[in-house]
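Work through the exercises below with the model open beside you. Each task is followed by a solution in steps.

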Amino acid sequence: MKTAVLHQTHVSLAQPTRQAMTPQATTEPVAVRWALTGLALFFLGVFLLVPLLAVFTQALAKGLSVYWTALSEPTAWSAIKLTLLVALISVPLNLVFGVSAAWAIAKFDFRGKNLLLTLIDLPFSVSPVIAGLIYVLLFGMPGWFGPWLAEHDVKIIFAVPGIVLATTFVTFPFVARELIPLMQAQGSEEEEAALVLGASGWQTFWRVTLPNVKWGLLYGVILSNARAMGEFGAVSVVSGHIRGLTNTIPLHVEILYNEYNFTAAFAAASLLALLALVTLVLKTLVEGHLQPSH
Amino acid sequence: MLQAAGLLLKRPSVLPGFGLTLGYTLVYLALVVLLPLSAAFLKTFALSWEQFWHTVTEPRVLASYRLSFGAALAAAAVNAVFGLLVAWVLVRYRFPGKRVVDALVDLPFALPTAVAGISLSAVYAKNGWIGGLLAPLGIKVAYTPLGVFVALTFIGLPFVIRTVQPVLEDLEMELEEAAASLGATRRQTFMQVILPALSPALLTGFALAFARAVGEYGSVIFIAGNIPLVSEITPLLIITKLEQYDTAGATAIAVSMLGVSFALLLLINLWQWWSRRRYGMTE
């Protein structure tokens, strides 16, 4: 996606590297450079930094003890546990799918590959609200299987399985999206060599392919975990907002906020903001291990 | 299974596992994505065409389309301009804290939308950090359509930067040197050499930001105020219909939105395919 390695042609603000050879031919005057940098940083500051700082400021506005009380409430705890549980189910599901899809798509040539790639991307272009709605249409009371499920006393909508399904849908493409280009770029020479030397298919996968793609895999898992824990729209439709039962942290935030309990809402939100910061740090570290061209 | 797999293959391979992995991929894709999505489409057949058309063209629904698509378009346009600027500054200039700034660009991808929503409404409210500065000027952001635009700008911010950045990094300096040595001013070089090379990536980023913004829900509903006909977005209307047990109505609006989203996805893919061919770029 991006490279952390500084490119050779980077030009320093203070000292354009090529100024001696071609004065100002391939860079801008110092004043313009400062102005552009300032404007870019101002834009990012207003749109990114200010909202991020606001979360923590609001959460701690009434002091640490109020903050801790808000987080140690039983409903907050059950929201945290449910969020972890949902991520723990949906991320591995999509991880196995991502590896499987990447193997089929990157290692083989077959008809309809582009169509398959487009279909894998589909959940990214569907509104989260619609992602929730489609499961209501399948498993909810007015849905296809609704009456049958009710008869057999199986709850999917307004229960944990619905939340897991909706989360799996919105995080569906992440791992596959990371692995497919990576495995395509690596080709299959190493796997072919392993097979010729007598390794079985599974041995080749575990000892050759997996070590080669582990950073890409981790990258996909980090992104998909962040989305799984933070998903709001899709989960909001299928959850039913039952306190202590079907509330994830983002839904808990919404309920507290709508009750004008701002400090508690921002306290719960600060957990998710911390998760976001950890995600960004891990992502940056993993990017250092991926190819600069990635 | 293996024979069926063999028929699908365009080129034989010594690697094993094609049938297994493709089979699993297709079954999982069908179960999680395709069947649920087609259920939504099939559900609309319960409505007659007149009912469907009546639902999706109600004044309140039309107003929500205008807001959702209009604000998404405006936000994507702002992100195209500032995204290009940020990508340029990150690739070409050096300044202290650059790596932190670069990592922070992905915040809207990592920060849950509900958190972004309540935080932006606190910041842009009348007594908020930025809202307080704008209020004396008579500008109200929170609980107006302008608030929707601010939230969608936040959500779409990384797309243009992350699509333009790698292309700008790979851009050969020789082109600019050649342009300069042929007598082009810096402005001419930028407009006639650099910008055309960046435009496919810029357009892709714009389209991605737009597509994301159209369907966005979490970050918008807190700051929008959700006043019918004024600041109500289409995804919220779907939820409202669902809460009123009007499943058919919710589905009709959802399907009309899905249609637009799929058309956009197709357009983005065609766009990428076209620009890759035109510029001879590979994956």
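**Exercise 1: a pair within one helix**

Lys283(A) and Glu287(A) are both buried. The model is a predicted one.

Task: State what joins Lys283(A) and Glu287(A), and how far apart the closest N and O atoms are.

Solution.
1. A salt bridge requires a side-chain nitrogen of Lys or Arg within 4 Å of a carboxyl oxygen of Asp or Glu.
2. Between Lys283(A) and Glu287(A) the closest N and O atoms lie 3.2 Å apart, and the pair forms a salt bridge.
3. The two residues sit in helix α13 (residues 262-289) of chain A; because they are four residues apart there, about one helical turn separates them.
4. An α-helix has 3.6 residues a turn, so residues three or four places apart point the same way.

**Exercise 2: a pair that links distant parts of a chain**

Task: Find the salt-bridge partner of Glu232(B), and decide whether Glu232(B) is buried or exposed.

Solution.
1. The partner is Arg60(B), with 2.8 Å between the closest N and O atoms.
2. Glu232(B) lies in the loop between α12 (218-224) and α13 (234-243) of chain B, while Arg60(B) belongs to helix α4 (residues 59-92) of chain B; the pair is 172 residues apart and links distant parts of the chain.
3. Buried means under 20% relative accessible area, and exposed means over 50%.
4. Glu232(B) has a relative accessible area of 5%, so Glu232(B) is buried.
5. Arg60(B), at 30%, is partly exposed.

**Exercise 3: further salt bridges**

Task: Give the N to O distance for Arg212(B) and Glu216(B), then name the residues that shared partners join into one network.

Solution.
1. The side chains of Arg212(B) and Glu216(B) form a salt bridge at 3.0 Å, N to O.
2. Arg212(B) and Glu216(B) are buried.
3. Through salt bridges that share partners, one network joins Lys283(A), Glu287(A), Asp102(B), Asp106(B) and Arg162(B).
4. Over all chains, the whole structure has 15 salt bridges.

**Exercise 4: the sides of a helix**

Task: Identify the buried residues of helix α9 (residues 189-196) of chain A and explain why they are on the same side of α9(A).

Solution.
1. The buried residues of α9(A) are Glu191(A), Ala194(A) and Leu195(A).
2. Their arc around the axis is only 100°, so they are on the same side of α9(A).
3. The face turned away from this buried side carries Glu189(A) and Val196(A), which are exposed.
4. The cover over the buried residues of α9(A) includes α3 (74-107) and α10 (201-230) of chain A.
5. Gly198(A), with a positive phi near 105°, follows α9(A).

How values were computed
Residues are numbered from 1 along each chain as its sequence is written. Chains are lettered from A and ligands numbered from 1 in the order in which they are written. This is a predicted model: local features need pLDDT of at least 70, side-chain atom pairs count only at pLDDT 80 or more; totals for chains, interfaces and linings use all residues. Side-chain values use heavy atoms; hydrogens and water are left out. Buried means under 20% relative accessible area, exposed over 50%, partly exposed in between (1.4 Å probe, protein chains only). The arc is that of the directions from the helix axis to the C-beta atoms. Contact means heavy atoms within 4.5 Å.
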